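User: I would like to go through the labels attached to this structure and see what each one rests on. Please set the value against the cut-off each time.

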Amino acid sequence: MDSKVRGMIYTLRKLKGLTQDELADALSVTGTAVSKWERGISYPDIDMCCKIAEFFQVSTDELFGRNLKKLDEMGMYSSNKIVAMEAAIQLMECYRLSCAEGLLAVEKKALREDLHYFLQFTIKKMFEFYRKEIPQDKIEKLLFNYCKCEADRENAEMIAKAVMAMFEGVSEHTMTEVIASHLGREYYDRLVINVNYNVNYKEYSREMILGSYENKEGNVKLIDELADYTDEDIAILIRNIDNMTFASALSGASGKVCKKFLSNISDELLYFIDVDIKNCKADEGEVTKAQTEILHMMAALDLIKE
């Protein structure tokens with residue numbers, strides 16, 4: 001039995017927010033059994049490994065720490081949130097266009113540009129409703145009925161509320177708040193920066209971002225050895241690090257270490273993580289503390305090499 005399985009069980013349980021006893025109940029085993037798996041005292045048999053993988057919706061290869069895909073979720077970031085951010089930026093672009101040139105310009109933009117599919121749909125529907133002189137309260141009910149049918153209902157509701165606000169002619173501050181209230185406070189600054197400075201993160205390729213670390217010199221060397229760890233070990237570690245610790249630790253690490261970590265992060269998240277690292281203002285003491293926390297996490301996950 002591969003010893004990495006203990007780290008993955010611990011990691012997957014923590015990501016799902018379960019206690020050992022809650023996981024045990026879900027798998028019809030004892031809490032003691034789960035504790036032994038995570039401490040490496042014993043290991044689940046093949047049938048149980050399949051059951052664990054099915055419960056956490058991962059492959060058995062991932063459970064054993066093999067063939068891990070690049071991470072598309074890390075702390076406050078997830079691929080779903082990135083899609084929401086894209087839609088939010090497009091909403092603000094449409095709003096500013098409506099202020100500058102009127103709502104008809106927004107209708108033309110929705111017809112000819114590659115906007116988020118539900119944003120295009122909602123803009124078209126709003127014009128259809130207005131031309132049919134449907135009352136505002138009924139428009140709101142109709143749009144939210146459409147939202148209920150969407151797989152990504154949360155983002156659909158953000159778009160519906162923001163488009164209605166745009167048609168009502170609210171101030172830019174109110175429009176920003178309507179959108180940001182759906183993204184969450186962690187994304188508020190990111191939204192303002194992207195909109196105010198017209199930043200298009202899609203212009204930054206994976207090669208450009210990773211290449212920017214090529215000659216980076218670290219001022220704290222505590223995690224230098226991680227550059228030689230396997231991608232599987234690094235992926236397990238990333239799953240257990242919060243965003244602030246990650247950014248602080250890598251802001252003072254060598255380029256080789258930074259590239260090792262960032263190479264395990266999906267394209268969708270890479271730009272945002274990169275910005276966090278480069279904007280991090282951690283001093284040497286804070287970097288040392290963050291890198292020490294990573295070493296402690298490595299020990300807890302049994303990833304430290306002898």
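Analyst: Of the 306 residues in the chain, 47% are buried. This is a predicted model, and its chain has 18 helices and two strands.

User: What share of the contacts with a separation of 6 or more comes from residues 24 or more positions apart?

Analyst: That share is 74%.

User: Why is S98 called buried?

Analyst: The relative accessible area of S98 is 12%, and buried means under 20%. S98 is therefore buried. Its place is in helix α6, and beyond its neighbours within four places in sequence it is in contact with L103, V106 and M166.

User: Which helix gives the most to the largest nonpolar core, and which residues have the most contacts inside that core?

Analyst: The largest nonpolar core has 94 residues, and L63, I179, F246 and F261 have the most contacts inside it. Helix α6, residues 79-101, gives the most to this core, with eleven residues. As a general point, nonpolar side chains tend to be buried together in soluble globular proteins.

User: What does F261 touch, leaving out residues up to four places away in sequence?

Analyst: F261 touches L226, I234, L237, I238, I241, F246 and L250.

User: Why does T245 count as buried?

Analyst: The relative accessibility of T245 is 10%. The limit for buried is under 20%, so T245 counts as buried. T245 is placed in helix α15, residues 243-251.

User: What makes the pair T245 and D242 a polar contact?

Analyst: The side chains of T245 and D242 are joined at 2.8 Å. A polar contact needs N or O atoms within 3.5 Å, one able to donate a hydrogen and the other to accept it. The value of 2.8 Å for T245 and D242 falls within that limit. Not counting residues up to four places away in sequence, T245 also touches A290, E293 and I294.

User: How are α15 and α18 arranged, and which residues meet?

Analyst: The axes of α15 and helix α18, residues 284-300, come within 8 Å and cross at roughly 115°. The crossing of α15 with α18 is left-handed. From α15, the residues T245, S248, A249 and S251 meet E286, V287, A290, Q291, E293 and I294 of α18. By class, this contact has four nonpolar, four polar and two charged residues.

User: Why does E150 count as partly exposed?

Analyst: E150 has 21% relative accessibility. Buried means under 20% and exposed means over 50%, with partly exposed in between, so E150 counts as partly exposed. E150 is found in the loop between α9 and α10, which cover 136-148 and 153-168. Setting aside residues up to four places away in sequence, E150 touches Y117, F118 and A156. The C-alpha atoms of E150 and F118 are separated by 9.0 Å, with the two residues 32 apart along the chain.

User: What is notable about the phi of S28, and why does S28 count as exposed?

Analyst: S28 has a positive phi of about 60° although it is not a glycine. In general, most residues other than glycine have a negative phi. The relative accessibility of S28 is 61% and exposed means over 50%, so S28 counts as exposed. S28 is placed in the loop between α2 (20-27) and α3 (31-39).

User: Where is E133 found, and why does E133 count as exposed?

Analyst: E133 is found in the loop between α8 (117-131) and α9. At 70% relative accessibility, set against a limit of over 50%, E133 therefore counts as exposed. E133 has a positive phi of about 55° and is not a glycine.

User: Which residues of α3 are buried, and which residue follows α3?

Analyst: The buried residues of α3 are G31, A33, V34, S35, W37 and E38. G40 follows α3 and has a positive phi, near 75°.

User: How do you know that V275 is buried?

Analyst: V275 has a relative accessible area of 15%, and the limit is under 20%, so V275 is buried. V275 lies in helix α17, residues 267-279. The C-alpha atoms of V275 and A247 are separated by 9.1 Å, and these residues are 28 apart along the chain.

Methods. Residues are numbered from 1 along each chain as its sequence is written. This is a predicted model: local features need pLDDT of at least 70, side-chain atom pairs count only at pLDDT 80 or more; totals for chains, interfaces and linings use all residues. Side-chain values use heavy atoms; hydrogens and water are left out. A nonpolar core is a set of buried Ala, Val, Leu, Ile, Met, Phe, Trp, Tyr and Cys residues joined through side-chain atoms within 4.5 Å. Buried means under 20% relative accessible area, exposed over 50%, partly exposed in between (1.4 Å probe, protein chains only). Helices (H or I, at least four residues) and strands (E, at least two) are DSSP runs, numbered from the N terminus. Contact means heavy atoms within 4.5 Å. Axes are lines fitted to C-alpha atoms, for helices over the stretch in contact, and angles run from 0 to 180 degrees between N-to-C directions. A crossing is left-handed if the near helix is turned anticlockwise from the far one by less than a right angle, and right-handed if clockwise. Ala, Val, Leu, Ile, Met, Phe, Trp, Tyr, Cys and Pro count as nonpolar, Asp, Glu, Lys and Arg as charged, and the others, Gly among them, as polar.
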